[in-house]
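Visitor: I'd like to learn how to read a protein model one feature at a time. Could you walk me through one?

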Amino acid sequence: MIIVQVGANKGKTSNDPVWKLVNENLPESLSWKLIFIEPNKKALAILTENYRNIGFTYPNILTYNYAVSDKTQYLTLYVDNDVPGNEGSQHASLSRSHLHKLGHDDSVITEMSVYCHKLGAFLINEKVIDYLQIDTEGWDGKILLGANLSDYRIKTIQFEYCHLEYEECRAVVKKLADHNYKFVSKTHEDIIFELTEPIP
């Protein structure tokens, strides 16, 4: 099992589907390969420790302190309540206005410059991926629209559609359909698609 999580945050949170799936399948899941991508260095350090505490070690866990976007570039990451002693932010976004929508005003937002790669930069050694989960607080559409899905066979894709503008979400759904993905289910936040082509 190979899992890729974009916007992995701290790992051990109540709404993290990868953390839940891994813990439900222990100890078998310790043989899985987990690839975590998170631009907030503090959150990524907490995630790494959380997974080490349940038995994960290299090479079964790989972490990347970068952001993912539709192009290679530096962007500003906006992080809420990132103060000394805080155990890591719950929300971080490449869009300041998104944090405003979540109720965070500028007095609690920290800015940091982050380097962005397209999704494929992290999948160079992977051709078949079982599960891709994306939760980037409003940036999920850009990530998927910038990804070359023809280069990989990603069996299941889950992303947070609730923060996307209608047209962007529609474009993502069309792209997935064009690459032979079918809708499986959705909640008020996330939507799941599965690849219908046989996996070689």
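Guide: Let's start in a loop: P59 sits in the one between helix 2 and strand 3. Keep in mind that this is a predicted model.

Visitor: What is the peptide bond from Y58 to P59 like, cis or trans?

Guide: As a general idea, most peptide bonds are trans. The bond from Y58 to P59 is cis, with omega near 10°. Another cis bond runs from L26 to P27, where omega is near 0°. P27 belongs to the loop between helix 1 and strand 2.

Visitor: And phi? Which sign should I expect?

Guide: Most residues other than glycine have a negative phi. Here N9 has a positive phi, near 55°, and so does N180, near 70°. N9 is in the loop between strand 1 (2-6) and helix 1, while N180 is in the loop between helix 5 (166-178) and strand 10 (181-186).

Visitor: Is N9 buried or exposed? And what about N180?

Guide: N9 is buried, its relative accessible area being 15%. N180 is partly exposed, at 33%. There's a glycine to look at too: G55, just after helix 2, takes a positive phi of about 110°.

Visitor: Since you mention helix 2, how do I check that its length makes sense?

Guide: Count 1.5 Å a residue, applied to one less than the number of residues. Helix 2 covers residues 41-53, 13 residues in total, so the expected span is 18 Å; the C-alpha atoms at its ends are 19 Å apart, which agrees.

Visitor: Which residues of helix 2 are buried?

Guide: First the general idea: an α-helix has 3.6 residues a turn, so residues three or four places apart point the same way. In helix 2 the buried ones are A43, L44, L47, T48, N50 and Y51. Viewed down the helix axis, they fall within an arc of 165°, so they line one face of helix 2. K41, R52 and N53, on the other side, are exposed.

Visitor: What covers those buried residues of helix 2?

Guide: The cover includes helix 1 (17-24), strand 2 (33-37) and strand 3 (61-64). Have a look at the start of helix 2 as well: a side-chain oxygen of N40 comes within 3.2 Å of the backbone nitrogen of K42.

Visitor: Can I read helix 1 the same way?

Guide: Sure. Its buried residues are V18, W19 and V22. Down the axis of helix 1 they fall within an arc of 100°, so these residues line one face of the helix. Strand 1, strand 2, helix 2 and strand 8 (128-134) are among what covers them. At the start of helix 1, a side-chain oxygen of D16 is within 2.9 Å of the backbone nitrogen of V18.

Visitor: How many residues does the largest nonpolar core have?

Guide: In soluble globular proteins, nonpolar side chains tend to be buried together. The largest nonpolar core in this model has 38 residues, and V6, L132 and F159 have the most contacts inside it. There's also a second, separate core of 14 residues, including L34, Y51, I61 and Y131. You've met Y51 already, among the buried residues of helix 2.

Visitor: What is F159 in contact with, leaving aside its neighbours within four places in sequence?

Guide: F159 touches I134, D140, L144, L164, V172, L176, E189, D190, I191 and F193.

Key. Residues are numbered from 1 along each chain as its sequence is written. This is a predicted model: local features need pLDDT of at least 70, side-chain atom pairs count only at pLDDT 80 or more; totals for chains, interfaces and linings use all residues. Side-chain values use heavy atoms; hydrogens and water are left out. A nonpolar core is a set of buried Ala, Val, Leu, Ile, Met, Phe, Trp, Tyr and Cys residues joined through side-chain atoms within 4.5 Å. Buried means under 20% relative accessible area, exposed over 50%, partly exposed in between (1.4 Å probe, protein chains only). Contact means heavy atoms within 4.5 Å. Helices (H or I, at least four residues) and strands (E, at least two) are DSSP runs, numbered from the N terminus. The arc is that of the directions from the helix axis to the C-beta atoms. A polar contact is a pair of N or O atoms within 3.5 Å; within protein, one must be able to donate a hydrogen and the other to accept it, and residues adjacent in sequence count only if both atoms are side-chain atoms.
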